[in-house]
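Here are my notes on the model you sent round. They are set out as numbered points, to be read with the coordinates open.

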Amino acid sequence: WNLRAGNFEVAEHSSFRAALYYYQDGISFLGDKCGDGQLWLRDDTLYELRLKLYEGAAFSSSALGEAGLVSKYANVIIANVEFEDSLQAEHLLIGSLSATGQYKEAVARGVACLRQLKLDIPATPNPVAVIEAMAQTTSEALLYDFNQVANSQRRVDQKTRYVNKLVDVIVTPAYHIASPFLPLVGCAAVRFSLQNGECGEATTAFVVFAYFQVFLRHEHARHWANIAKQLLEQHNTRRPATRTRFLFHAFVNFWYAHPGESSNRMMGLYDLSLKFGDMFSAQMSQCMRIRFDLLRGEQLSLVSKICDTYLPRMVSFH
C-alpha cells in the first residue's frame, strides 16, 4: 500500500515529500537491516517490493535535493542486489554526486558502469581517441535512414534503457569539468543505440554528438542537429526528458534559433523541470534564459527583475 501511495503522489501530484514519507514508511514496515551486506534473494516474495521502495525513496530524495538520503537508499540497493538490478540506484547516486559538485567522482562512477555494460570507452581519453571516435561514429551513423530509425516502435530492453539513462546523468558533470570522456561517452552510446536499432531512448547521446559536431564545425553539423531535434520531438512525449531538452536548446539549437525563441524555451523548461522534480535542469534553464535575454538585447531593467526573482533560488540550490 505504501508503494502505491508513494507512486501516486509522484505521478499525480509531483508531491515528492509526501511520496518519500510513504516509501520510508514501507521500508520501516519491512523491518530491513539495511547494513547487513547480504544479497537480497530474487526468489524472495518481497524482493521486488523492497527494491521498488528503496528506489522510490532514493528518487524522491533526489527530487527534494536530499543528497544524503539519496546516497543512503541507493547504496543499500547497490550493496544488496546484483549489478543489473542496481542500475537505477547507480543512476540516482551519480546524479546526487553531480548535484553536490562531486563531478569527477560522478563521471568516474558513470563510465565504470558503462564499461560493465560492455560499452567501448577508452580507459585513457586523449584528443586522438576523441577524433577517432567521432570519425568512426560519423561513418557508421551516416549509413542509417533516420526517418525509419526515429519512427521505430520496437520494445526497448532493460540494458539499452539503462545505458541511455546513465549517459543522461553523466553528461552534466562531464560538461562541468570539461571531461574528455564526454565525447567518448556520446559516441559510444550513439553506436550502441544504432547497433540495437533504438535511437529514441538515446536522444541525449545524439545531442552530445551533435554538440561536438557543431563545436568542431564539422560539415555535417547541421544534419546532426536536425537528427537530434527529430529524435527529441518524436520521443519522451509522455514524460519529457527535461535534461535532454535543456542540453539541446542551450548548446545545440541556439546556434540556429533566435535568442528570443531560446529564452522562451528555457522558461518553458524551467516550469516543466519543476513539475518532474528535476531541480538542476530548472535552475540551469533560468540561468541560460538570462543569458539569452541579454543576447537578444532585452531591457536591463527587466533582466534585473528576473535576476532578483530567480538568482536567490539558484544560490540556495547550489
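**Notes on the predicted model**

1. Lys118 sits in the loop that runs between α6 (103-116) and α7 (127-141). The model is a predicted one, and this residue is a reasonable place to begin reading it. The phi of Lys118 is near 75°, a positive value in a residue other than glycine. Most residues other than glycine have a negative phi. With 70% relative accessibility, Lys118 counts as exposed.

2. A second positive phi belongs with the point above. Ala178, which is not a glycine either, has a phi of about 50°. Its place is the loop between α9 and α10. Is Ala178 buried or exposed? At 65% relative accessibility, Ala178 is classed as exposed.

3. Overall make-up. The chain has 16 helices and zero strands. Of its 318 residues, 51% are buried. If contacts between residues at least 6 apart in sequence are taken, 67% of them join residues at least 24 apart.

4. Main nonpolar core. The largest nonpolar core contains 61 residues, and Leu114, Ile121 and Phe246 have the most contacts inside it. Which helix gives the largest share of this core? Helix α10 (residues 181-195) does, with 10 residues. With neighbours within four places in sequence left aside, Ile121 is in contact with Val111, Leu114, Arg115, Phe181, Leu184, Val185 and Ala188. Apart from the largest core there is another, of 21 residues, and Val70, Ala74, Ile77 and Ala89 are among them.

5. Ser96. This residue lies in helix α5 (residues 87-99). Ser96 is buried, at 9% relative accessibility. Leaving out neighbours within four places in sequence, Ser96 is in contact with Ala67 and Val70. Val70 is also one of the residues of the 21-residue core.

6. Gln116. Helix α6 holds Gln116, which is partly exposed with a relative accessible area of 47%. Gln116 and Glu84 are 32 residues apart in sequence, and their C-alpha atoms are 9.6 Å apart in space.

7. His249. This residue is in helix α13 and counts as buried, at 7% relative accessibility. Which residues does His249 touch, not counting those up to four places away in sequence? They are Leu232, Phe254, Ser262, Arg265, Met266 and Phe292. The C-alpha atoms of His249 and Ser263 are separated by 9.4 Å, with the two positions 14 residues apart along the chain counted as their separation.

8. Cavity. How many cavities of 30 Å³ or more does a search of the whole structure find? The search finds one. About 90 Å³ of space lies in the largest cavity. Its lining consists of Val171, Tyr175, Leu182, Val207, Val208, Tyr211, Leu247, Phe251 and Val252. Two or more lining residues come from each of α9 (158-176), α11 (203-215) and α13 (242-251). Helix α11 gives the largest share, three residues. By class, the lining has nine nonpolar residues, no polar residues and no charged residues. Helix α13 thus appears twice in these notes, as an element of the cavity lining and as the helix that holds His249.

9. Cysteines. The structure holds zero disulfides. Cys287 is in no disulfide, and the nearest cysteine sulfur to it, that of Cys307, is 9.1 Å away. Why is Cys307 not counted in a disulfide? The nearest cysteine sulfur to that of Cys307 belongs to Cys287 and is 9.1 Å away, whereas a disulfide requires a pair of cysteine sulfur atoms within 2.5 Å. The relative accessible area of Cys287 is 23%, and this residue is partly exposed. Cys307 has a relative accessible area of 18% and is buried. The cut-off for buried is under 20%, so the two cysteines fall into separate classes under that definition.

Conventions
Residues are numbered from 1 along each chain as its sequence is written. This is a predicted model: local features need pLDDT of at least 70, side-chain atom pairs count only at pLDDT 80 or more; totals for chains, interfaces and linings use all residues. Side-chain values use heavy atoms; hydrogens and water are left out. Buried means under 20% relative accessible area, exposed over 50%, partly exposed in between (1.4 Å probe, protein chains only). On a 1 Å grid over the protein atoms alone, a cavity is a set of points where a 1.4 Å probe fits but cannot get out, and a pocket is an open set with protein on both sides within 12 Å along at least five of seven lines; lining residues have an atom within 4 Å of a point. Grid points are joined across faces, edges and corners, and a volume is the space filled by probe spheres set on the points. Helices (H or I, at least four residues) and strands (E, at least two) are DSSP runs, numbered from the N terminus. Ala, Val, Leu, Ile, Met, Phe, Trp, Tyr, Cys and Pro count as nonpolar, Asp, Glu, Lys and Arg as charged, and the others, Gly among them, as polar. A nonpolar core is a set of buried Ala, Val, Leu, Ile, Met, Phe, Trp, Tyr and Cys residues joined through side-chain atoms within 4.5 Å. Contact means heavy atoms within 4.5 Å.
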